Structure formats: C-alpha cells, structure tokens
Amino acid sequence: MRTEHARPIRLSDYRPPDWLVDTVHLDVALHPSRTRIKARLALRPNPAARGPAPLVLDGDELTPLSVTIDGAALPETAYAAGPDGLEIPQPPAGPFVLEVETEIDPSANTKLMGLYRSSGNYCTQCEAEGFRRITYFLDRPDVMAVYTTRIEADRDEAPVLLGNGNLVERGDVPGTGRHFAVWHDPFPKPCYLFALVGGRLDVCRTTYTTMSGRSVELAVYVEPGKADRAGYALAALERSMRWDEQAFGREYDLDVFNIVAVADFNMGAMENKGLNIFNDKYVLASPETATDADFAHIEAVIAHEYFHNWTGNRITCRDWFQLCLKEGLTVFRDQEFSSDMRSRPVKRIADVRVLRGHQFVEDAGPLAHPVRPETYREINNFYTATVYEKGAEVVRMLKTLLGPETFRAGMDLYFARHDGRAATIEEFVACFAEAGDTDFSQFMLWYGQAGTPELAVTRRHDAQGGTLVLDIAQVVPPTPGQPVKSPMQIPLVLGLVGPDGRDVPLVRRGHGPVERGVLVLTRPAERFVFDGITVPVVPSLNRGFSAPVKIKADLGSDDLRFLATHDSDPFNRWQAVQTLASEILIGNVAVIRAGGGVRHDGGLVHALASVLDDERLEPAFVAQVLSIPSEGDIARDIGRDVDPEAIFNARHALRRAIGNDLAPTLRVLYDRLRDDGPYSPDAASAGRRALRNVCLDLLAAPGHAGAVALAAAQYAEADNMTDRMAALGTLSLHDTAEREAALADFAERFRDDPLVIDKWFALQAMIPDPGTLARVERLIDHPAFSLGNPNRVRALLGSFAQANHTQFNRADGKGYDFVAGMVLTLDGRNPQVAARLMTAFRSWRALEPGRRDKARATLERVAANPSLSRDLADIVERSLGER
C-alpha cells in the first residue's frame, strides 16, 4: 500500500495491515518553523494479518526526536527512523503503546500537504497521504482509530484552535502567552481525515436542530473582515443537512460542524470529520464579488463535503483503489441535492457538459483509466473526472436499473451494514444486488473497464404490421492496458415520440410494457421489437442521459429538429439541438481545412427559434440550448487529426450566423429580461440572468459596433458580478478599445480582492487572440499573481492551458513550451499543482500531425528532466505511453 517509491501499486497485491491502531493521542505544539508533534498510538497485532511482523510506519520529510514503547525509551539500535519512515523490527508481540515525537517546519511546506502555514494560518491537508508529513503512521485508509488532539499555540498568533470532533477542553498555558484546545472525535476514522487549524479567523455561526431534535453548532471561519461573505455558505450547509435527512435518512452525529476557508489550498475542499477545510473560493460570496455560477458551486461543494460525513467518513474506502466508493457516490449525492435545490433538467445538462468535456476526453487519451484502477504509481493523479464524474454516473445507473425505491433500500442496507468500516466496491454493489434481487456481476465492468461505450442504433418501422425494430450494437474502444473489452450492462432509457409530439406507449414484444422506459443492453448486438407502433415515431434515446455512452443513431436533421421542438424529455430536447449544431460544425471544419466557405443551416436557427418562442420553458434551460457545442466538444467529436484553429473559425462563423439571424428576437428578450430589483442568487433569478447574458453574447458575436457598445454599457451599469463578468467576457472576444478599458477598470476596481482578480486573470488567459501568450507572460509578473497560490496558478496558467484551445495549441508550439516551462518551475514547489497543469497535454495524440509532433517533443523534453517529482513523472510517462 505504500507509495514512497515510484513503483506500481497494484490492487491485486492488497493485504490487510499487520498492525491496527485503536486510539491516537496527538499533542501538537504549533510554531512557524519548529512545530513539535507528540503522537501516542495504542497498537495491536491485526488478527486478520499473516502473523508476527515488524512495525513499519510511513513518514515524509519528518525529523524524529524520540521513540518510546510503553513509556520506556527505545535504544537507537532497536529502531530505524528517518525522514521517510520509522521501522521497529521486533515490536512487542501483543498490544502496546508507541510514543513518537517529531518536528516539522510548516512555513517551508510549499507542497501544501500535511501541516503547513500560509497567510499566517496553520492548516492541514492529509488526503491522500499527507498525515505521514505530520507524524509516523500506518498511512492507509483501512487503519481506523479514535483521535484525541491537543493543539497548543501562541495566543496572539493563533487565537482560534480547531480540530476534529467535539471540543472537550481549552485553557491557557500559564506564564507562556500560549493557550491550548483539546478536541476528541469519538468515531473511528482513517488518518487522511485528520485536521487541525490555528490562526486569526473571524466566524459566522448558527445552530441547527437535527431530525431527532439534537442541537448542532455550525460555524464558518474566514480570514478577518470576510465574515459578511460567509452567510451563503452557512445557509447552504443547513440546506445540505436537512436534505440528507430527508433524501437518505442521514443525521449528523457530532455536537459541532466547523468549516474553515483558507486562501492557499490544493483542492476545492476536504471533508475532515467535523472540520471541513475549504479553498476560500468555495465559501466567500457576495453579489458584488461572486457570480451566479460561484453561488451554485459554493452550494454544491458545501453539500459534497458535508455528505461525505456518511459516504466517506462513517464508511470509508478500504484502499485508494476504492476511491470512487466515496467520491463518485458523493458526487452523485451532491448532484441530486443541487437538482432538488435548483432545476433538475438544467443541472443534468450542466453535469453532462462537465462529464463530456473532461471525462470523455480522459477516456479517449493516454491518461484513460477505469473508475476503479487496477494499478497506480501516484495516487494524487487519480483524483480525476473518471473517479468523480463517471463514478457518479455509475451510481446513477444503479438507480436507473433498480428504480428509486429499491435504490434507496440498497443505500439503507449499505449504511447499516458497513457503518464504521472501510468498504470495497464489491461490498457496495452487493447491497443493491441484495435489495433488488439482481445479478450485478456484469455491471461491475463499469468499475473495471476504461473507455466510453459507443452505441450504434438503427430502426425499421413497419406501419402495416404496427412494429418498430431497434437494432443496437455496442463497442468499448481499446484504452491503455485494455486492448480488448467485454460488452457492458447499459440502462438505456427510451421514448418514442409520435407525430403529435406525444410519447407512444412502449410495449416490447414478448416482454410487455417497458417499465420506466428502461431497456437493458447486455450483449454486443441486440434487437428490440415494439408492438402497437402504427404511426411514424422518432426515437428519443438515452433520455436524461441514462448511461455515459456515445450514440450514433440514424436520425436525420428533420428528426433532430422535431425532437428539439417536441421531445418531452428536456435533456434530449437540448441534445437534439447540440447534435444539429455539432454536425454543422464538423462539416464546416472539414470545409475550412479544405479552403472552402462555411455552410449555413437554417434548420438549426429554426430549432433555436422554436425554443426561444416556447414560453413554457424555464430561462435557464433556454440559455443552455442557445449555448452551442464548445471547441472542446467539437474536437472530441472529431476525435483525430484535430485542427483547433479550424474548429475555432467554424464555431465563430456559426455564432455570427445565429447572432445575425436571431438578432431581433435576442434583442427583445435581452431587454425584457432586465431586472432592476435587488440581486438574488436563487435559481429562477440566476436563470433569467443566464439567458439575458447569452442573448448579449450572441448579439455581439457578429462584431457590430452597437452590440459591443451594449456589452460595454452593461459592464459599466452592472450592480452584480454575474452581469459584470458576462459583459466583460463578451467584450474579451472583441479586440476593441472597450475591451481594454473594461479590463483596466476591473483590475483597479477589485485590486484588493484576490478571488475576484482570479476571474480577471482567467478571462485574459482565455482570449483566443495570437497576442494572448505574450499577455499571459506579462501577467506572471503582475503584483497580484503568485506561483505559491494554487488558485492564481489555476486561474492564469490553467485557464490558458485547459480552456484556450487555439493559443495553447499554437501551430508554432510556443504554447506547449510555455506551459511545460511553467510546470517545471512549479514542480519543485508544489508537485500536485504541476502535475494537474500537465494534464493539459492529455489529448495531444488526437491533434493534426504538425501540432502532434510539437506536443510530443515538448513532453519528451519534460520527461528527460532528471529531477521530476513522482507526481509529474507519472503524468508525463503515461501521456507518452502506449496508445
């Protein structure tokens, strides 16, 4: 299970730990450069292990000070201790107490893993293997213990001291100017969930009453002066707690729940038991500084980390190969929560956009891996869209196959059977198999096979005989290490839309009515025959995106326009428009590369107009429909020999055509949706703003001076960040004086707010102009930019590498060289951030030959560097590995 060395770690090699830890007592004396940790571990041999074994504890950059067993100091000949571990070759045969004292330098910890000090505050991040940077330990998730933590610090430096669990004692250390707090967590947990925080923090509090009547103190801690921006996060926490009680019967189990927002954090947030630590990006919000999307993300991330209390904390994963057991399951739960809080159809579309934009791309490239990988070299590199987003889709398919009632019964069984344990995927799925009396052995392939299944669907209608025949073939393409795949169990939700726009009853020959419209595919090729189909129908396939698959169906443009206007399934109504637009764009990319002119399709505009005219539709949904496929979407659909410049030009031309053809309607809608009332982040208000701002962007797409001036006016008059950023985003696409004036004004207006300046960095990094690389290089020297802050790096460098397809993929290769150089600079400081930035190269094999060769050369230059971190080396080696 250890990963100190860059050797493959294999699921097949798992064995139980030789030793178990029942209790952990930590005494942490905080100091900026010399923090001392005294750890007292109650150990005993694991009866499930293979027998007497040495005690081997993990470490990472630790300075050992002392080692004792049962109160007696060990002679130096009885153990070996160094920065990377502690080994006692002959420990006592029975239970014993090990006491170890270590020293660390939190201020020098730029990796932001373990215990670190940043912006004057002490903070921890222990997932996946950060606890070993605090003290020697069996750093693996299947070693669960009860923790008591005493934290001591200078009172002036750190008046707030927080830990896991409940506060049991606090006081002063006489004559020292220091104070202490003791926290006790009564629930056994793995060490990756350990947390402490010390610093100068303001707080926003409330009290929550659980469904059984217990009172829980809730608090959000923030940097001084920012408590007025924590209220939305606190309210989102209350909504999350209530929803989990109602939807899953899960009640919170401690007396307090604390959230701390910090500026320097590698992740979005961390679910440490009772003490969630957040990147402040996902906590701080006000109408003047946060967009509607920010508010929605805050609500979702607060919920996600809270839901981990049961799916991740009370029940954790046996080993890191089971990571999706907590992450994929909890993403599913937070998606369901957001769907109930906001708009279910719009949320589903947004989630599928993310899945396709990140996970489908991952599946198609050299970094593809199963939801549960069989091997890894660096676990930090497997916190991926496959584990999170595809993992959530796999859970959703279980619900689709079983139905909501049986699915809930399976979840209840899982909670009851595995509470307080470290579980596996097999144990999780077994609960649903038992609840539904269903064989899920084939379904387990979703956890073991990488790649996105591809379905080919053809139909044959016999009006005279009243039958419709659907032939469906499935194939899973080869991925690294898995050249041959088996057919998957795929729940495909189907509707048949008749000429009047209504669904025709689904009656399958030999099976009767199709329950909930769910067809279950299990073989490489299958035929489904439906009776009673006397009129022409259009199949509505994979409704609600019931399975994470790609579908090629024999649907023509007329069929797609019909579905766009009439389908009762909102997702497929949106999908029909996306497919229409995608087919036009892919065709025009080929034409542009051949030197011809682009094709204009009035049918797409007609479909968009029909959606705009349908007053029954919620504005947020209409906004999604008007947002045509992104450059990344088109590149993914083309799949090989991708030319980002041609894709950009084709998409730009289509947006101009839509803006021109629908200009009168768009302008009327833009004016009608104006809201002069007070700002509210609620879903309905956010939806109206989203539609209004999409209208503005399309109106400006042709580049008419009047529309650009309209965007400039909205920027100047905006009373909220949503409208201001939308206008600035529209202006950023037009090389005009208005753009530069607005960018300068934004920088001056928000110069003292790092999170808002991140938006300014990101927006400029995404400008699709040849001069953007030089602009980004200048911004690296901006006083507000820092390579030491992951948010700044993601905003500027991540946005350029991940979201600016034309400029990162410049034909001269300079975009690749720039990003690779920045990655190497970052690697010595923060390997995790460097490795994630390097994943921008994940699709290099799909590029046209010129760009592909330049990307390969850049990767090879990085790989040749002898001092790469384990994180970065793993990404580069896999990127260059087998197809």
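Which backbone nitrogen lies 3.0 Å from a polar atom of the side chain of aspartate 319? In this predicted model, that nitrogen belongs to phenylalanine 321. Aspartate 319 itself lies in the loop between strand E22 (316-317) and helix H3. The same aspartate 319 also takes part in a salt bridge with arginine 318, where the closest N and O atoms are 2.6 Å apart. With a relative accessible area of 0%, aspartate 319 is buried, so the carboxylate that partners arginine 318 belongs to a residue under the 20% cut-off for burial.

Moving on to helix H3, glutamate 336 forms a salt bridge with lysine 399, with 3.3 Å between the closest N and O atoms. Glutamate 336 lies in H3 and lysine 399 in helix H5, so this pair ties together parts that are 63 residues apart in sequence. The two ends of the bridge don't share the same surroundings: glutamate 336 counts as buried at 6% relative accessibility, whereas lysine 399 is partly exposed at 25%. The pair isn't on its own, either, as salt bridges with shared partners join Glu336, Asp340, Arg344, Arg396 and Lys399 into one network. Across the model, the count of salt bridges comes to 77.

Helix H5 (residues 385-402) turns up again at a sheet. Here 3 strands form an open sheet in the order E30-E27-E32, with antiparallel pairing. Strand E30 (518-521) and strand E32 (538-541) are the edge strands, each pairing on one side only. On average, neighbouring strands of this sheet are turned by 35° against each other, direction ignored. Strand E27 (residues 490-497) is joined to E32 by 4 bridges, the two running antiparallel; one residue of E32, leucine 541, is the bridge partner of leucine 494. H5 packs on this sheet and touches E27 and E30, its direction making about 60° with that of E27.

Helix H1 (residues 231-248) is next. H1 has 18 residues and reaches 26 Å from its first C-alpha to its last, close to the 26 Å expected at 1.5 Å a residue. Its buried residues are a mixed bunch: Tyr232, Ala233, Leu234, Ala236, Leu237, Ser240, Met241, Trp243, Asp244, Glu245 and Phe248. As a rule, residues three or four places apart in an α-helix point the same way, because there are 3.6 residues a turn. The cover over the buried residues of H1 includes strands E17 (202-209), E18 (215-222) and E19 (256-262), along with helices H2 (292-307), H3 (323-341) and H6 (404-418). Right after H1 comes glycine 249, with a positive phi near 70°.

A last set of contacts centres on arginine 810, in the loop between helix H23 (805-808) and helix H24 (814-827). At 18% relative accessibility, arginine 810 counts as buried, because the cut-off is under 20%. The side chain of arginine 810 reaches the backbone oxygen of proline 770 at 3.2 Å. Leaving aside residues up to four places away in sequence, arginine 810 touches Pro770, Leu773, Gly815 and Arg851. Arginine 851, in turn, forms a salt bridge with glutamate 848, the closest N and O atoms being 3.1 Å apart. Both arginine 851 and glutamate 848 are buried.

How values were computed. Residues are numbered from 1 along each chain as its sequence is written. This is a predicted model: local features need pLDDT of at least 70, side-chain atom pairs count only at pLDDT 80 or more; totals for chains, interfaces and linings use all residues. Side-chain values use heavy atoms; hydrogens and water are left out. The expected span of a helix is 1.5 Å times one less than its number of residues. Buried means under 20% relative accessible area, exposed over 50%, partly exposed in between (1.4 Å probe, protein chains only). Contact means heavy atoms within 4.5 Å. Two strands pair if DSSP finds at least two bridges between them. Axes are lines fitted to C-alpha atoms, for helices over the stretch in contact, and angles run from 0 to 180 degrees between N-to-C directions. A salt bridge is a side-chain nitrogen of Lys or Arg within 4 Å of a carboxyl oxygen of Asp or Glu. A polar contact is a pair of N or O atoms within 3.5 Å; within protein, one must be able to donate a hydrogen and the other to accept it, and residues adjacent in sequence count only if both atoms are side-chain atoms.
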